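Below is a walk through one protein chain, from its overall build down to a single residue. Have the sequence and the model open while reading.

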Amino acid sequence: MIFTYGTKYYDGAVTHGGYSNIMVVDEHFAVSIPENLPLDATAPLLCAGVTVYSPLRFYGLDKPGLRVGVVGLGGLGHLAVKFAKAMGTNVTVISTSPSKQKEALENLGADSFLVSRDQDQLQAAIGTLDGIIDTVSAQHPLLPLLGLLKSHGKLVILGIPGKPFELQVFPLIQGRKLIGGSMIGGMKETQEMINFAAEHNIKTDIEVIAMDYVNTAMDRLLKGDVKYRFVIDIGNTLMPSS
């Protein structure tokens with residue numbers, strides 16, 4: 001396997017992925033981008049987009065009228081909201097930050113918002129969701145999320161916390177609930193996702209930056225100060241080495 005960047009190609013050269021000025025790939029690994037999708041806002045879809053699209057399809061959470069929760073409103077979460085809404089589901093954003101409510105409801109079109117630290121809100125929403133897409137990588141309890149699921153509900157984990165989850169088995173058994181995971185997606189599904197995005201005008205919310213801004217962007221990223229993906233303008237700002 002040769003990854004897009006950070007691995008050696010057949011001739012011994014190191015792959016640089018999106019930081020390259022030219023790149024050769026087998027046609028099987030190329031994705032056709034419809035003309036109505038801008039390249040800058042589409043680029044993150046090839047990673048974050050298919051990462052949320054794939055589990056929505058695979059776990060059957062793509063049916064109109066289903067109630068889907070999205071935990072975390074960041075790079076993955078905001079796209080999960082967009083794709084789930086385009087599929088016709090009723091979307092609830094679940095976040096520790098009350099300040100994100102306006103963004104979720106007014107800008108991204110979510111149907112409802114739950115503050116995960118508000119026990120009254122969680123209690124009122126028990127047993128109301130068919131599935132949950134959990135995009136959070138920070139350590140967090142799963143038990144309250146399982147409580148939000150209906151019987152036969154599915155909790156799909158996309159984030160990768162640094163420590164193992166603690167899991168109580170009885171809530172799974174009691175409601176015949178499932179916990180699953182998902183990671184990115186294959187080429188066929190990636191193309192399907194891109195075509196779906198073009199049809200429904202789904203784009204990543206991005207901030208385009210110059211190459212010489214990368215270190216500042218990394219500092220901001222650590223602080224969560226980005227909505228919701230930085231995209232580097234390689235073509236106009238990466239200067240060839242002298």
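**From the whole chain to one threonine**

The chain contains 10 helices and 10 strands. The model is a predicted one.

Start with the overall dimensions. The C-alpha trace spans about 65 × 35 × 35 Å along its principal axes. The radius of gyration of the chain is 19 Å, and a compact globule of 242 residues would have one near 18 Å, so the two agree.

Next comes the packing. Of the 242 residues in the chain, 39% are buried. Among contacts with a separation of 6 or more, 58% are between residues 24 or more positions apart.

The surface and the charges can be described briefly. The accessible surface of the chain is about 14000 Å², and carbon and sulfur atoms account for 56% of that area. The chain carries 20 positive and 23 negative charges, and the mean positions of these two groups lie 8 Å apart.

Now turn to a single position. Thr 15 lies in strand S2, which covers residues 14–16. Is Thr 15 buried or exposed? Its relative accessibility is 14%, and the cut-off for a buried residue is under 20%, so Thr 15 counts as buried.

What does Thr 15 touch, leaving aside residues up to four places away in sequence? Its neighbours are Ile 2, Phe 3, Thr 4, Tyr 5, Gly 6, Thr 7 and Tyr 9. With one of these, Thr 4, there is also a polar contact: the side chain of Thr 15 reaches the backbone oxygen of Thr 4 at 3.4 Å.

Conventions. Residues numbered from 1 in each chain as written. Predicted model: local features only at pLDDT ≥ 70, side-chain atom pairs only at ≥ 80, totals over all residues. Heavy atoms only, no water. Helix = DSSP H or I, 4+ residues; strand = E, 2+ residues; numbered from the N terminus. Rg over C-alpha atoms; globule rule 2.2 N^0.38 Å. Buried < 20%, exposed > 50% of the residue type's maximum accessible area, 1.4 Å probe, protein only. Contact = heavy atoms within 4.5 Å. Areas by Shrake-Rupley, 256 points an atom, 1.4 Å probe, with all protein chains shown as cover. Lys, Arg positive; Asp, Glu negative; His and termini not counted. Charge placed at Lys NZ, Arg CZ, Asp CG, Glu CD. Polar contact = N/O pair within 3.5 Å; in protein donor to acceptor, adjacent residues only side chain to side chain.
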